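Here are a few worked exercises to go through with the model open in your viewer. Try each task yourself before reading the solution.

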There are 2 protein chains.
Amino acid sequence: MQELTTFLADSARLVEAELDHTIPQETVEPTRLHAAIRWSVFGSGKRFRPALLLAVGRTFGAPEEKLISTAAAIEMIHTYSLIHDDLPSMDDDDLRRGRETCHKKFGEATAILAGDALQTLAFKTIADDKSLTHEMRIRIISEMAGASGTPVGMVAGQQLDLDAEGRSSEINEIEIIHSRKTGALISAAATAGAIIGEANPAEHNAVTAYASKLGMLFQITDDILDVTETSETLGKTAGKDAAARKATYPAHYGLARSRDLANELYGSLISDLEGIDRPTGLLIGIADRIANRQA
Amino acid sequence: MQELTTFLADSARLVEAELDHTIPQETVEPTRLHAAIRWSVFGSGKRFRPALLLAVGRTFGAPEEKLISTAAAIEMIHTYSLIHDDLPSMDDDDLRRGRETCHKKFGEATAILAGDALQTLAFKTIADDKSLTHEMRIRIISEMAGASGTPVGMVAGQQLDLDAEGRSSEINEIEIIHSRKTGALISAAATAGAIIGEANPAEHNAVTAYASKLGMLFQITDDILDVTETSETLGKTAGKDAAARKATYPAHYGLARSRDLANELYGSLISDLEGIDRPTGLLIGIADRIANRQA
């Protein structure tokens with residue numbers, strides 16, 4: 001666990017340095033836009049998706065300098081989605097990453113543009129990463145765009161989530177929403193690490209299986225924390241799901257059965273890792289951390 | 001002119017067929033999102049950017065099947081920007097492409113997501129175009145992302161435009177806003193055509209010079225039409241620029257001097273085309289059409 005804590009702290013520092021290097025400074029015009037982007041990116045993010053990408057890449061022996069741009073890009077996509085999800089016409093949230101949401105601080109128009117520009121910059125960052133072959137970059141961009149868009153990616157999940165608000169949902173529907181809204185990009189992070197690490201097809205499949213369950217585990221624990229934790233601990237508004245009658249695991253199964261489900265998923269993803277003939281301690285550690293997270 | 005009219009009609013038909021093929025059908029979940037995307041894409045768009053891409057590509061001898069996905073992708077980026085620019089917190093517009101704006105018809109949340117998903121799909125479409133080499137796809141994605149984002153692309157231009165609203169602007173500022181907000185993507189369309197057509201460096205430079213002036217010409221005539229034409233003719237709300245005290249050429253120079261400027265630009269971009277040792281009738285025709293457009 002000490003090793004993992006160090007890894008996560010190192011990853012976060014690396015990714016934040018890369019983001020700082022890649023995103024235009026606040027002194028560059030349009031300054032308001034760049035200030036808004038930086039405000040949202042440099043809150044107290046856990047940098048979970050880039051850490052997963054770095055962990056998978058390292059598992060397959062890829063050097064850090066080949067992973068870091070893509071890791072930063074995936075954090076940009078994630079941050080753009082947070083900015084847009086928090087908007088008044090969406091989840092209407094005031095608090096994110098321990099500070100005011102982008103639109104509360106910079107106004108709605110600039111928040112929309114900040115999200116738009118972050119998405120663009122993510123794809124440009126991967127396209128411009130000369131440490132990767134052209135083919136790798138294309139595979140990663142395709143993977144990440146599929147995971148971010150529609151019909152099976154993050155934006156589709158957000159739309160389904162909005163459509164489902166205020167009415168009770170079947171568990172099948174909840175799973176579809178979560179797998180698109182959260183799972184797809186988490187899987188893409190792992191897949192990008194496997195592409196850069198040149199995993200063989202069997203290993204690639206094992207990573208995909210692991211990552212897709214990790215995404216579900218992440219979402220179930222997220223849903224549980226929304227019920228059990230305070231806004232202060234989470235750095236975002238707690239209890240919002242129930243208030244908005246969102247489609248969540250605890251709403252459907254109750255807390256106890258949701259926790260059982262999380263344990264089952266954990267067991268299953270750990271056995272997926274047996275398909276990888278490399279030391280998988282880091283990937284197990286990340287799953288442990290998600291299973292036991294408090295925020 | 002007859003040849004050009006045929007070319008533009010053929011281009012629009014081709015691009016619309018490709019868009020129809022690439023964008024998920026309205027029957028696919030989330031149906032509301034796909035309906036919103038299709039509503040905005042399939043209004044009465046002029047398909048100017050894809051036509052320019054096809055014209056430049058054809059000038060350099062590229063076959064249509066290598067150009068069409070990228071042409072559709074650039075129209076997706078343009079449409080995403082229209083959807084977001086029309087939002088209540090931005091230009092707050094009710095009419096676009098001869099019909100209700102996306103947010104009027106589908107609500108703000110879905111409109112934001114429709115724009116987000118169109119941007120993603122544009123990059124995915126290029127990444128997945130197997131008729132192009134990996135290197136070509138990477139160059140086009142990088143070019144198009146640079147032209148769409150910040151600090152020198154479309155989103156930066158939109159932010160500068162918002163920042164400048166309600167106060168008078170220097171002509172230098174107006175040019176910077178326009179070159180980012182409109183010019184960059186028009187140039188990217190031409191550049192993508194030159195990349196796919198494997199133009200040599202000198203030809204590439206000539207196309208870039210032509211396209212960047214064409215972008216300015218497009219914006220000046222757009223500004224003029226906003227003053228002189230009706231909403232019905234334009235398919236979008238007329239007179240909005242003056243109402244919002246936008247930074248425009250007529251506001252700064254008046255109508256007569258703006259028309260002179262357009263003529264000067266036209267002359268200059270026609271001489272840029274002399275750097276291309278191929279028949280450039282199509283590119284001249286497009287410039288004529290922009291210079292003389294009524295909507």
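**Exercise 1. Against which helices do the buried residues of H8(B) pack?**

Step 1: take the partners from the other chain. The buried residues of H8(B) pack against H2 and H6 of chain A. Contact here means that two C-beta atoms, placed from the backbone, lie within 7 Å, and helices are DSSP runs of H or I with at least four residues, strands runs of E with at least two, numbered from the N terminus.

Step 2: add the partners within chain B, namely helix H4 (64-85), helix H7 (134-148) and helix H9 (171-196).

Step 3: see how covered the helix is. H8 of chain B runs over residues 154-164, and 10 of its 11 residues are buried; among them are Met154(B), Val155(B), Leu160(B) and Leu162(B). A residue is buried if 20 or more other C-beta atoms lie within 10 Å of its own, exposed if 12 or fewer, and partly exposed in between, again with C-beta atoms placed from the backbone.

Step 4: look past the end of the helix. Gly166(B) follows H8(B) and has a positive phi, near 80°.

A word on the ground rules: this is a predicted model, where local features need pLDDT of at least 70 and side-chain atom pairs count only at pLDDT 80 or more, while totals for chains, interfaces and linings use all residues. Residues are numbered from 1 along each chain as its sequence is written, and chains are lettered from A and ligands numbered from 1 in the order in which they are written.

**Exercise 2. Work out which parts of chain A touch chain B, and how the two copies are related.**

Step 1: count. 44 residues of chain A are in contact with 44 residues of chain B.

Step 2: assign them to elements. On the chain A side, helix H2 (31-41), helix H6 (108-127), helix H7 (134-148) and helix H8 (154-164) each supply at least two residues, and H6(A) gives the largest share, 13 residues.

Step 3: sort by class. That side of chain A holds 21 nonpolar, 14 polar and 9 charged residues. The classes are Ala, Val, Leu, Ile, Met, Phe, Trp, Tyr, Cys and Pro for nonpolar, Asp, Glu, Lys and Arg for charged, and the others, Gly among them, for polar.

Step 4: superpose. A rotation of 180° with 0.0 Å of shift along its axis puts chain A on chain B at an RMSD of 0.0 Å, fitted by least squares on the C-alpha atoms of residues with pLDDT of at least 70 in both copies. The two copies are thus related as by a two-fold rotation axis. In chain A, the C-alpha nearest that axis belongs to His134(A), 2.7 Å away.

Step 5: compare the two sides. The copies meet through the same surface, because 100% of the interface residues of chain A are also interface residues in chain B.

**Exercise 3. Which residues touch the most other members of the largest nonpolar core?**

Step 1: define the set. A nonpolar core is a set of buried Ala, Val, Leu, Ile, Met, Phe, Trp, Tyr and Cys residues joined through C-beta atoms within 7 Å.

Step 2: read off the top members. Of the 181 residues in the largest core, they are Ile141(A), Ile141(B) and Leu217(B).

Step 3: pick one and list its partners. Leaving aside neighbours within four places in sequence, Ile141(B) is in contact with Phe123(A), Ala127(A) and Ile141(A) across the chains, plus Phe123(B), Ile126(B) and Ala127(B).

**Exercise 4. Is Leu52(A) buried or exposed?**

Step 1: locate Leu52(A), which lies in helix H3 (residues 48-59) of chain A.

Step 2: count neighbours. Leu52(A) has 31 C-beta neighbours inside 10 Å, so it counts as buried.

Step 3: list contacts beyond four places in sequence: Ile186(A), Ala189(A), Ala190(A) and Ile286(A).

**Exercise 5. Find the backbone oddities.**

Step 1: check omega. The peptide bond between Thr150(A) and Pro151(A) is cis, with omega about 10°, and Pro151(A) sits in the loop between H7 and H8 of chain A. In chain B, the bond from Thr150(B) to Pro151(B) is also cis, with omega near 10°.

Step 2: check phi. Asp92(A) is not a glycine, yet its phi is positive, about 50°. Asp92(A) lies in the loop between helix H4 (64-85) and strand E1 (95-96), and with 15 C-beta neighbours inside 10 Å it counts as partly exposed.
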